[in-house]
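Biologist: I am new to this structure and would like a close look at a single part. Please take one sheet and whatever packs on it, then place that part beside the rest.

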Amino acid sequence: MSNFFTVKKKIKSFDKIISVDGDKSLSIRWVLISSLASGTSEAKNLLMSEDVLASIKVIKKLGIKVKLNKKLCKIYGQGISGYKYKKNLSLNAENSGTLGRLLLGLIVNSPNIIKLTGDKSLSKRDFKRVTDPLSKFGANFKLGINNGLPLKIIGNKNLQPIFYKENRGSAQCKSSVIFAGMRANGETIIRAKKSRNHTELLCKYLNLQIKVKNKKNYDLIKVRKVKKIKKLNYNIPSDISSAAFFIVLTILSKNSKITIRNVNINPSRIGVITILKKMGVKIIFKNQKIYKGEKIADIQVKSTSKLKSINCPDKLNSGTIDEFLILFLVAAKANGISYFKNLAELNQKESPRLKWASKILRLIGVKTILTKDSIKIFGNPNIKINKNIVIKDFLKDHRVFMTSVIAGLTFGGKWIIHDKDSIKTSFPSFLKIINNLNK
Ligand code: S3P
């Protein structure tokens, strides 16, 4: 089967209720935490994507039994010290930064050398951001070229607690250090710039030794050694990062309406909603509830013809980090110039996304001014495309693929978008849902 996708026409008007796939951040965290629990944990609606399957393969290699079918995943945890594996172990995080970085926090006490590998895209990404704080606990690392993968870790059984200032707003760095803190002798203190807080919420739900104080601009997290983790049954809600593609598809389509069921609207994840509201979009949360500390709701949105440009406050960056690419399409159709700043982190993702955003927008005739950490987008409310556009060589970045599909379906033109398989990383049902809306 060909591995590219073509868009030949704009999408027809729709009025539908849909569900998108399970939350990736929560799915990976559930797998990793359950692998250290005492007892069997069960998850429903686990995201069946390559990043999550890679997480399952990794814990299996660490000696943990897993049973998986479409409806249910069972992980047979053997306790906090229950990993059993041979010498010369090599673990593959494939395309997942979250898996690679969080995992290092869990194996930081391994007495044997463990090699961590990844695919071409992950191998280029920065791992020094986690090996620096993890070294302070007493672990040793040998990093790959340009601080990437493959790397080697030799852990330490006698880990010392650390004080760690997390300045990037990176939940991956914060979570990796929380996991390592759970294995250290004493109290680890983390002063973290605001970022998604799923790890903290799961630890609190499990009554682990963690205290969190939410300050205005940062969180103060204190972690102590954990002796036992109870089993964790979880019904994974849908991913706002996947929902965002359908929110934007609806906003930019004509006479359309959508409800997306049971989405995780954790306040640390909904920067995209805040920004869209500032741009003039009406978004409604229905059936709100709290599930194990996470906020869940159905999201309702309609087509919006009058879109305002935005000078985006950078305090929203961390809570929007995976949604900027798709959000930039809304800025492309807004009335006026939008400005997004302090976004160097966007070039540290599966592909250099700030650069890719600018490339796609220029291809569709929208002017941009790009620097290494900002983008100005000169919106055009009458945007129309009448040409052929080919999108390829984007390091198989799933979000570049999906953003390009949405651009074609809403702005027109004839698109050939390569590496269709990339959606398997985070949102395997993406094209199926598109096809159902377009029927
Ligand atoms: C994630 C954190 C974010 C995000 C990634 C998932 C997580 O990365 O981009 O897709 O689950 O912790 P950073 O923490 O590196 O910003």
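Modeller: What follows describes one sheet, then a second sheet, and then the nonpolar cores. The model is a predicted one.

The sheet to look at is open and has four strands, in the order 18-19-21-20, with mixed pairing. Strand 18 (311–312) and strand 20 (368–370) are the edge strands, and each of them pairs on one side only. Strand 19 (residues 337–340) and strand 21 (residues 375–378) run antiparallel and are joined by four bridges. Within strand 21, isoleucine 377 is the residue that stands opposite serine 338. Helix 10 (residues 324–333) packs on this sheet, where it touches strand 19 and strand 21. The direction of helix 10 makes about 160° with that of strand 19.

Another open sheet of four strands has the order 6-7-9-8, and its pairing is mixed. Its edge strands are strand 6 (89–92) and strand 8 (140–142), each pairing on one side only. From one strand to the next, the twist averages 25°. Strand 7 (residues 113–117) and strand 9 (residues 151–154) run antiparallel, with four bridges between them. Helix 3 (residues 97–106) lies across strand 6, strand 7, strand 8 and strand 9, and runs at about 165° to strand 7.

As for the cores, the largest nonpolar core has 80 residues, and among the members that touch the most others are Phe328, Phe340 and Ile247. Helix 8 (residues 240–252) supplies the largest share of this core, ten residues. Another core, of 69 residues, lies apart from it and includes Leu102 and Val223.

Technical notes. Residues numbered from 1 in each chain as written. Predicted model: local features only at pLDDT ≥ 70, side-chain atom pairs only at ≥ 80, totals over all residues. Heavy atoms only, no water. Core = buried A, V, L, I, M, F, W, Y, C linked by side-chain atoms within 4.5 Å. Buried < 20%, exposed > 50% of the residue type's maximum accessible area, 1.4 Å probe, protein only. Helix = DSSP H or I, 4+ residues; strand = E, 2+ residues; numbered from the N terminus. Pairing = 2+ DSSP bridges. Contact = heavy atoms within 4.5 Å. Axes fitted to C-alpha atoms, helices over the stretch in contact; angles between N-to-C directions.
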